[in-house]
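Biologist: Could you take me through this structure step by step, as someone who has not seen it before?

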Amino acid sequence: MAALRDDAKWMRMALSWAKRAWGRTSPNPMVGAVVVLKNGVCAAAGCHWRAGEPHAEVNALAAAGEKARGASLYVTLEPCSTTGRTPPCTDAILSAGIPRVVVGTLDPNPKHAGRGIEILRSAGLDVSYGVEEQRCLELNEAFFKWIVRKRPFVLLKMAMTLDGKIATANGSSQWISGALARRRVQKLRQWADAIMVGGETVRLDHPSLSVRIPKNWPRQPRRLVATRSLSVSELGRMMPAGIPAETVCAETPQEWDALLLRLGSENVTSLLIEGGGELAASALQAGVLDKIEFHIAPKLLCGRESRTVMGGLNPHSLAESWKLEKLSFRRLGEDLCVSAYPAQR
């Protein structure tokens with residue numbers, strides 16, 4: 001039991017290293033690695049910083065140097081076993097003299113899953129996997145979906161009052177959320193390869209749809225506006241200068257499917273939808289949402305004409321409601337953050 005607790009401890013450390021590259025690695029996953037000596041002391045750690053650069057295992061082993069020989073390696077994702085933009089990590093592990101490897105989760109790509117484990121075991125290494133697996137899966141849920149299904153992971157983020165309103169009747173919405181919730185939005189924008197809003201949101205709010213914190217963020221997301229009426233030149237007048245906005249059409253399930261397949265082919269692994277209510281409902285009813293994150297402010301806006309968090313067609317009964325699963329809750333200052341996954345229908 002002590003060994004299992006130690007494995008979990010070191011894997012959590014590897015996860016913390018993986019998160020250091022939050023939002024920087026796409027279309028690659030975030031991966032962390034830790035080298036641990038026989039006496040239970042961490043010799044070195046590393047992560048994968050960005051696509052095309054060395055992987056986490058290579059960085060950790062290089063930092064450990066000769067200390068790696070005879071040590072254990074903890075890595076959040078199965079080591080790669082093929083040559084891409086970098087050599088196979090399995091080769092680096094074998095060359096370093098590592099006798100034991102502990103893996104968080106297998107590579108989700110069916111072409112590679114388990115192959116790295118098999119190579120290392122065939123060479124005589126003690127290899128185990130599935131340690132802190134759920135945390136490792138959640139960290140890269142966007143990458144895992146994209147690599148298997150060739151389309152981005154879609155997250156809907158909405159800010160609302162306790163009575164389910166996102167704006168007044170005339171569209172005024174700044175600010176429903178508090179400062180900590182708005183910082184969370186910046187974190188989500190760092191993660192996203194693309195951000196989408198509806199045309200009405202652009203007309204009313206003139207959003208930047210960019211990462212503003214920290215300043216000089218190196219990888220701004222693509223800006224997508226779902227509209228059939230606004231032109232690119234009109235969007236340019238309504239939105240701050242910088243990354244050009246793109247118009248897209250996504251209303252029917254077929255249009256959503258075509259859009260997501262195209263974005264996936266363009267290495268968009270994660271799509272963040274930020275509203276408004278009609279676009280949110282369209283994505284939900286088309287069945288393309290993978291996850292929702294609602295920021296609920298302790299306010300009551302009221303007003304029968306105030307704008308609701310989810311629009312769309314009127315249901316005939318509660319049986320048509322969408323069930324949510326794997327709910328989690330946390331405080332963001334005074335606001336409540338609710339995350340969940342729409343259940344399959």
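Modeller: What follows is a set of questions and answers on a predicted model.

Biologist: Which side-chain contact does Ser 306 make with a backbone oxygen, and is Ser 306 buried or exposed?

Modeller: Ser 306 sits in the loop between strand S12 (291-297) and strand S13 (307-308). Its relative accessibility is 13%, and because buried means under 20%, Ser 306 counts as buried. Leaving aside residues up to four places away in sequence, Ser 306 touches Lys 165, Ala 167, Thr 168, Ala 169 and Leu 301. The side chain of Ser 306 reaches, at 2.7 Å, the backbone oxygen of Cys 302.

Biologist: On how wide an arc around the axis of H10 do its buried residues lie?

Modeller: Helix H10 (residues 253-265) has 13 residues and reaches 18 Å from its first C-alpha to its last, close to the 18 Å expected at 1.5 Å a residue. Its buried residues are Trp 256, Leu 259, Leu 260, Leu 263 and Gly 264. They are on the same side of H10, because the arc they cover around the axis is only 130 degrees.

Biologist: Which residues are exposed on the other side of H10?

Modeller: One side of H10 holds the buried residues, among them Trp 256 and Leu 259. On the other side of H10, the exposed residues are Gln 254 and Ser 265.

Biologist: What phi does Asn 267 take, just after H10?

Modeller: Asn 267 is in the loop between H10 and strand S11 (270-273), and at 40% relative accessibility Asn 267 counts as partly exposed. Although Asn 267 is not a glycine, its phi is positive, at about 65 degrees.

Biologist: Which residue of S10 stands opposite Leu 224, and how is S9 placed among its neighbours?

Modeller: Four of the five residues of strand S9 (residues 222-226) are buried, so S9 is largely enclosed by the rest of the structure. Strand S8 (residues 194-198) runs parallel to S9 and is joined to it by five bridges, and S8, helix H8 (residues 199-205) and S9 make a right-handed β-α-β unit. S9 also pairs in the parallel sense with strand S10 (residues 245-248), over four bridges. There, the residue opposite Leu 224 is Glu 246.

Biologist: What is the omega of the cis peptide bond that leads to Pro 214?

Modeller: Pro 214 lies in the loop between H8 and S9. The peptide bond that leads to Pro 214 comes from Ile 213 and is cis, with omega near 0 degrees.

Key. Residues numbered from 1 in each chain as written. Predicted model: local features only at pLDDT ≥ 70, side-chain atom pairs only at ≥ 80, totals over all residues. Heavy atoms only, no water. Helix = DSSP H or I, 4+ residues; strand = E, 2+ residues; numbered from the N terminus. Buried < 20%, exposed > 50% of the residue type's maximum accessible area, 1.4 Å probe, protein only. Polar contact = N/O pair within 3.5 Å; in protein donor to acceptor, adjacent residues only side chain to side chain. Contact = heavy atoms within 4.5 Å. Expected span 1.5 Å × (residues − 1). Arc of directions from axis to C-beta. Pairing = 2+ DSSP bridges. Right-handed = clockwise from strand over helix to strand, strands pointing away.
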